[in-house]
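This report describes selected features of one protein model. The sequence and coordinates are shown first.

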Amino acid sequence: VALIGCGPGGMAFLHALSNLRKEQGADGPASKINVTCFERAASAGGIWRDVPEDDPKRTKPENAPLVYDDMWANIPKELMEYHDYTFQDHFKKATPAFLPRKDLLNYVIARNSVDGALDGVKYSHTVLSVTYDEGTSKFTVEVRDDTSGQTSKATYDKCIWAAGLHGAPEKPDDIMSILEDYEGKVLHSMEATEDFQEHVKGKKIMLVG
C-alpha cells in the first residue's frame with residue numbers, strides 16, 4: 001500500500017494499523033499489510049507543522065499551506081479529541097476549550113506516533129505521479145527523494161491519498177480574470193501569514209469572500 005501524506009489523516013491510518021497488528025498478533029491479517037508512507041515535508045503534521053527555520057518565507061511547496069504560528073483553533077478541543085487519548089491524558093492538567101496550533105500539533109503527533117507507528121515514514125519524498133493500470137489493477141508511484149534528488153518507481157496494490165485539501169490555494173478562474181488588470185497586491189487567504197501587516201498597513205483593502 002502506498003500512503004501519500006503524513007498529516008493528521010495519514011498519521012491516524014498508520015496508528016490504526018499499528019493497533020490492529022498488536023491486537024491480531026503476528027499471524028493476523030494486519031501484519032500482512034505492507035505500507036509505505038511518503039511525506040513531502042521533513043516532518044509529520046500536515047498544515048499544523050512549525051514553519052521551518054530554513055524556509056521562513058515558505059518558498060518550498062510543502063511549506064506554503066502551513067497555518068501561521070500563532071493560530072488558535074476555532075472549534076472546541078472536545079470536538080477533535082481522540083477517543084483513546086484525551087487532552088487530559090496528554091497535558092496532565094485542565095486546558096481551555098480552544099487551543100493554540102502548537103499544542104494541537106504536539107497532541108496529534110504524541111497520540112499517533114506511539115509504539116513507533118511513524119518510524120517508517122519516508123520524509124522529504126515528493127510523489128511525482130501515480131498511474132493506475134486497469135489490466136493489472138496496480139498503481140505505479142513515482143517518487144523523488146528531495147534529499148538526494150534521486151527518483152524511483154514502485155508498484156502497489158492500493159494507493160491512499162492522505163494529503164488533504166489544503167496543499168494549494170483555490171483561486172476561482174472567474175475571480176482571477178477580474179483581477180488580471182489590477183496592479184496592486186493580491187493575496188489568497190493562505191498567503192496571509194506572519195508578514196500580513198507589511199502588505200496591508202495604511203492601505204485600503206478589498207476582501208473577496
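## Arg 111 and its surroundings

In this predicted model, Arg 111 counts as buried, because its relative accessibility of 9% lies under the 20% limit for that class. Arg 111 is placed in helix α3. Neighbours within four places in sequence aside, the contacts of Arg 111 are Ala 12, His 15, Tyr 82, His 83, Asp 84 and Tyr 85.

One of these contacts, Asp 84, is also the salt-bridge partner of Arg 111, with 3.1 Å between the closest N and O atoms. Arg 111 belongs to helix α3 and Asp 84 to the loop between β2 and α2, so the pair ties together parts that are 27 residues apart in sequence. Whereas Arg 111 is buried, Asp 84 is partly exposed at 35% relative accessibility.

## Further salt bridges

The model contains a count of 10 salt bridges. Another of them joins the side chains of Asp 157 and Lys 138, at 2.2 Å from N to O. This pair links distant parts of the chain: Asp 157 is in the loop between β6 (151-156) and β7, while Lys 138 is in strand β5, 19 residues apart. Both ends are partly exposed, Asp 157 with a relative accessibility of 45% and Lys 138 with 30%.

The side chains of Asp 146 and Arg 144 form a salt bridge with an N to O distance of 2.7 Å. Asp 146 is partly exposed at 32% relative accessibility, and Arg 144 is partly exposed at 31%. In addition, salt bridges link Asp 50, Asp 69, Arg 101 and Lys 102 in a network.

## The hairpin of β4 and β5

Strands β4 and β5 run antiparallel and are joined by 8 bridges. Lys 138 in β5, already named as a salt-bridge partner of Asp 157, stands opposite Asp 133. The hairpin has 4 residues between its strands.

Ser 137 lies in the loop between β4 and β5 (138-145). This residue has a positive phi of about 60° although it is not a glycine. With a relative accessibility of 39%, Ser 137 counts as partly exposed.

A positive phi of about 60° is also found at Lys 92, again not a glycine. Lys 92 is in the loop between α2 (87-91) and α3 (101-112). At 64% relative accessibility, Lys 92 is exposed.

## The parallel sheet

An open sheet is formed by 4 strands in the order β3-β2-β1-β7, with parallel pairing. The edge strands are β3 (122-123) and β7 (159-161); each has a single partner strand, so one side of each is left without a neighbour in the sheet. Between β1 (residues 2-4) and β7 there are 3 bridges in the parallel sense, and Leu 3 has Ile 160 in β7 as its bridge partner.

Ala 2 is placed in strand β1 and is buried, with a relative accessible area of 0%. Beyond residues up to four places away in sequence, Ala 2 touches Thr 36, Phe 38, Val 141, Tyr 156, Lys 158, Cys 159 and Ile 160. The C-alpha atoms of Ala 2 and Val 35 are 5.9 Å apart, although 33 residues separate the two in sequence.

## The two largest pockets

The largest pocket has a volume of about 750 Å³. It is lined by 22 residues, of which Val 186, Leu 187, His 188, Met 206 and Val 208 are the closest to its centre. The elements that give two or more residues to this lining are α4 (173-178) and α5 (196-200), and α5 gives the most, with 3 residues. By residue class, the lining of the largest pocket comprises 14 nonpolar, 3 polar and 5 charged residues.

The second largest pocket holds about 590 Å³ of space. Its lining has 29 residues, and those closest to its centre are Glu 39, Arg 40, Ala 163, Gly 164 and Gly 167. At least two lining residues come from each of α1 (8-24), β2 (36-39) and β4 (125-133); β4 gives the most, with 3 residues. The lining of the second largest pocket divides into 15 nonpolar, 10 polar and 4 charged residues.

Notes:
Residues are numbered from 1 along each chain as its sequence is written. This is a predicted model: local features need pLDDT of at least 70, side-chain atom pairs count only at pLDDT 80 or more; totals for chains, interfaces and linings use all residues. Side-chain values use heavy atoms; hydrogens and water are left out. Two strands pair if DSSP finds at least two bridges between them. On a 1 Å grid over the protein atoms alone, a cavity is a set of points where a 1.4 Å probe fits but cannot get out, and a pocket is an open set with protein on both sides within 12 Å along at least five of seven lines; lining residues have an atom within 4 Å of a point. Grid points are joined across faces, edges and corners, and a volume is the space filled by probe spheres set on the points. Ala, Val, Leu, Ile, Met, Phe, Trp, Tyr, Cys and Pro count as nonpolar, Asp, Glu, Lys and Arg as charged, and the others, Gly among them, as polar. Buried means under 20% relative accessible area, exposed over 50%, partly exposed in between (1.4 Å probe, protein chains only). Contact means heavy atoms within 4.5 Å. A salt bridge is a side-chain nitrogen of Lys or Arg within 4 Å of a carboxyl oxygen of Asp or Glu.
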